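Biologist: Could you walk me through this model? I would like to talk about its strands and its buried side chains.

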Amino acid sequence: PLEMILNAEGNLSSLDINVLSVSIPDFMSLACNGFAKNLYNVDQLVSEVEVVGNIQNTSYLSHFIEGSGVEVPSMRIVGNASINSDNYHADLQVLTPSGEITFDGDLSLNSEGYFADLVLTEMNLAAIMPDLGIGLLSSHIKAEGNGFDIMNPKTTTNITAEISQLEYGERMFGNIDAEMSLNEGRVIANLISYDPYCDFDVTLDGRLNDDMYEFDASVNLQNVDLQELGFSETMNSGSGQLKIIGWAKPVEWLYQVDLEIDNFNWNLPGQYIHLPNGLRAKLDAEEDRVNLLEMHYNSSCRLDSMLNQFSVASDSILADIGRNQLNIKKIQSQLPKFDLMLNASGKGLLKQFLAASDVSMDSIVVGLKNQDKIIGGLGLFKLKSGSLRLDTISLDLSERGRLVDYHLHVGNRKGTLDEFAMIDLKGYFGGNRASASLTQRNIEGDIGYRLGFTAAIQA
C-alpha cells in the first residue's frame, strides 16, 4: 500500500512544508521539507526542499526496464533542490552498494544557461550494466555553458572530464583527461591518456557552420600496446603521429581531407612496420568530381553518386556470376566515369606488409579507366617469392562489347628461368564464354608450349 504524510502550514501563495513523505513499505520511501511560494502560478513558482529518499527493493523498477541490460541497485538519495521561476538547482548525493554519485547543477530555461558538476566514486558499472564491459569507474566531470543549439554561434560550452579509475576487461586504466570548448562556432578539444601502455594525446581544432564543418585534428601515439591492454592475443604495439586537416559539407557530399602519417612504427608477430617518412593522402570530393590523390583517382561525378554507382555495379556483377552470364557492357554503363592510377614502390610500405609472406618486389603500377569503355593494365617488376623470381609481369585489359580481352605477359632476363623467359596468355571472357591461348618461349625465343581453349558455361 502507498502511505503518504503531509504536514504543512500556509496557503497557495506561501506554504511551509514541515513534512511530506511518500512510502511503499519494504520498497521505497521519500521525505522532504521546505517551502513553496506562488503554487497557483507555475511561471512564478519559488520553492526549496531538502530531500531524503531510499529505494530498498528495486524489483518493481526492474520489471519496467526488463531487457534493457540495466540492473537498478538499491540506493539512498540525500540533498536539496530548488526552483525559482525558470531557474532550477539540485545538489544531490546518491549512495549505492555499487558506488557513490554526487551532483551539483543549475539550469536556466530562459537564458539556456547551465552548470553541472558530477563525481562518480568507485562506481561498479558491471553491477548496473553488465553488458557494457566496464567495471569500476571513478570520474569527475564538469560542464558549463549557454545555449542548447550547437550550430548557433552564440552557443558556448566548456566541458572537462578526469578519469582516475577505469576498469576494462582485466585491466585498470587511469590518468585520462579530456576537455572540450565551443565558442562562436569554434570547437577545441583535447584527450590525453598517461597510461604507460596507452600513452597518447588527441587534439581537435574545428569550426561549425550552417552547412560546413572545418577540422584540424592530430593523434600522437607515444606508446600503445594492444596485447598488454587485452585487445590482442599476440604482440601488437607501436607509435606514430597522424594528422587530418580539411572540411566537409555532408549534405552536399563535398569533402576535402588531407591525411598525414609520420614516424609510424608497429610491432606484429614476425613483422616490424617502420615508416619514418610516413604516408600522405588527399581526398577532394568536389561538386562534379572526386579526386583521391597519392593514388591518383578521379571521377567526374559527386562522391554520393560514385559510391552508389559502384554499389549498383557490384550487385550486378554478383547477379551475373550467379547466372553464369557476365555482361561487361552493362557493367561498364553502370560504373561511374573514372581514372585510377596507382604506383607503389616495393621498398616502402609495401615491403613492410609483404615481408611476413616472404614476398618482395621492386615496384607495381596499376591503371584502370572507365570512359567510353573499360581499359586497364598492371605492371609488376622484380617479383620474388621464396625461390621463385620473375622479372616482369604485365596485364592488359580492354573491353570489346560484351567481352573483355586480356593479355598476360611474363618476361624474364637471362639467368632467370631461361626455359620460361617469355610467357604470353591471351584471350577473352564475358557472357558465358571464355578463351585462353598460352605461348611459352625460352631465352632464345624458341617456342616450347602452345596451348589454347574456348569454353562456354551452361547455366
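Modeller: Happily; we can go through strand pairing, then cysteines, then the cores. This is a predicted model, in which local features need pLDDT of at least 70, side-chain atom pairs count only at pLDDT 80 or more, and totals for chains, interfaces and linings use all residues. Residues are numbered from 1 along each chain as its sequence is written, and side-chain values use heavy atoms, with hydrogens and water left out.

Biologist: How many bridges join β25 to strand β26?

Modeller: Strands here are DSSP runs of E with at least two residues, and helices are runs of H or I with at least four, numbered from the N terminus. Two strands pair if DSSP finds at least two bridges between them. β25 and β26 (residues 388-400) run antiparallel, and leucine 378 has leucine 395 in β26 as its bridge partner. The number of bridges joining them is 10.

Biologist: Which residue takes a positive phi in the hairpin of β25 and β26?

Modeller: That hairpin has 2 residues between the strands. The positive phi, near 65°, belongs to glycine 386.

Biologist: What stands opposite lysine 369 in β25?

Modeller: Strand β24 (residues 363-370) pairs with β25 in the antiparallel sense over 8 bridges, and a hairpin joins the two through 3 residues. Opposite lysine 369 in β25 stands isoleucine 375.

Biologist: How many disulfides does a search of the whole structure find?

Modeller: A disulfide is counted when a pair of cysteine sulfur atoms lies within 2.5 Å. The search of the whole structure finds 0.

Biologist: Is cysteine 198 buried or exposed?

Modeller: Buried means under 20% relative accessible area, exposed over 50%, and partly exposed in between, with a 1.4 Å probe and protein chains only. The relative accessible area of cysteine 198 is 14%, so this residue is buried.

Biologist: How many residues does the largest nonpolar core have?

Modeller: A nonpolar core is a set of buried Ala, Val, Leu, Ile, Met, Phe, Trp, Tyr and Cys residues joined through side-chain atoms within 4.5 Å. The members of the largest one include Leu120, Ile134, Cys198 and Leu229. β8 (113-124), α2 (125-128), β9 (134-146) and β14 (198-208) each supply at least two of its residues. Its total is 12 residues.

Biologist: Which residues does leucine 229 touch?

Modeller: Contact means heavy atoms within 4.5 Å. Not counting residues up to four places away in sequence, leucine 229 touches Arg171, Phe173, Tyr197 and Cys198.
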